[in-house]
Amino acid sequence: MRLTDVAVLILITGLFCPLYSNQLKVINQLEIKIHQSIQKRDSIRFISSSFRNACEGKGFSNLDEWESVCREMWMLDFIGWEKLEDAGCDLYLGKWKGPWGNGEVYCRKEN
C-alpha cells in the first residue's frame with residue numbers, strides 16, 4: 001500500500017467516525033426505551049395476574065402478602081386493595097402506582 005492510500009483511508013475513517021458515534025448514541029437510546037417498555041409490560045402483567053391468582057388462593061397466601069411482595073419487587077410508590085360488595089359475590093379491587101406505570105385490576109369471587 002502506498003502512502004497516499006493510507007492517508008486517504010485515514011481521512012475517510014476520520015470523517016465517518018462522528019457519524020458512527022451518533023448512530024451508536026441513537027441505538028443506545030432505543031435500547032433504553034425498549035428496556036423501559038419491557039419493564040412496564042412485565043410489571044403490569046405480573047401485578048394483575050398475581051392479584052387474580054391471590055384472590056383465588058393461588059400463588060400468595062393472601063392479598064396482604066401480594067401487596068408487600070409487589071411493592072418490593074416493582075418499587076411501587078403505592079399499592080393497595082379493597083373489597084367491594086356486590087350482589088351475590090365479592091368484588092376485589094387492586095390499585096398501584098409506580099415508576100413503570102399505574103393500574104387497576106378487578107377480581108370477582110363467588111360466595
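The paragraphs below go through a predicted model of one protein chain, from its overall form to a few single residues.

Confidence comes first. The average pLDDT of the chain is 89, and 95% of the residues reach a score of at least 70. Among the parts of the chain, helix H2, residues 63-74, has the highest confidence, with a mean of 93. The lowest is found in strand E3, residues 101-110, where the mean is 86. Where pLDDT is low, the predicted coordinates should not be read in detail.

The chain contains two helices and three strands. Read from the N terminus, these elements follow the order α-α-β-β-β. The chain is more spread out than a compact globule, because its radius of gyration is 26 Å, well over the 13 Å that the globule rule gives for 111 residues. The extent of the C-alpha trace along its principal axes is about 90 × 20 × 20 Å.

Burial and contacts can be read next to this outline. Of the 111 residues in the chain, 26% count as buried. Among contacts in the chain with a separation of 6 or more, 30% join residues that are 24 or more positions apart. The exposed area of the chain is about 8100 Å², and 58% of this area comes from carbon and sulfur atoms. The chain carries 14 positive and 15 negative charges, and the mean positions of the two sets lie 8 Å apart.

Helix H1 covers residues 3-55, and three of its residues serve as examples here. Ala7 is in helix H1. Its relative accessibility is 45%, so Ala7 counts as partly exposed; the range for this class runs between the 20% limit for buried and the 50% limit for exposed. Ala7 also gives a sense of distance: Glu65 is 58 residues away from Ala7 in sequence, and their C-alpha atoms are 68 Å apart in space.

Ile10 is another residue of helix H1. Ile10 counts as exposed because its relative accessibility is 58%, and exposed means over 50%.

Ser48 also belongs to helix H1. Is Ser48 buried or exposed? Ser48 is buried, because its relative accessible area is 12% and the limit for buried is under 20%. Leaving aside residues up to four places away in sequence, Ser48 touches Trp96 and Val105.

The last stop is Met75, located in the loop between H2 and strand E1, which spans 78-86. What is the phi angle of Met75? Phi of Met75 is near 50°, which is a positive value in a residue other than glycine. Met75 is exposed, since its relative accessible area is 53%. Met75 can also be set against Ile10: the two are 65 residues apart along the chain, and 50 Å separates their C-alpha atoms.

Methods: Residues numbered from 1 in each chain as written. Predicted model: local features only at pLDDT ≥ 70, side-chain atom pairs only at ≥ 80, totals over all residues. Heavy atoms only, no water. Helix = DSSP H or I, 4+ residues; strand = E, 2+ residues; numbered from the N terminus. Buried < 20%, exposed > 50% of the residue type's maximum accessible area, 1.4 Å probe, protein only. Contact = heavy atoms within 4.5 Å. Rg over C-alpha atoms; globule rule 2.2 N^0.38 Å. Areas by Shrake-Rupley, 256 points an atom, 1.4 Å probe, with all protein chains shown as cover. Lys, Arg positive; Asp, Glu negative; His and termini not counted. Charge placed at Lys NZ, Arg CZ, Asp CG, Glu CD. pLDDT = per-residue confidence, 0-100.
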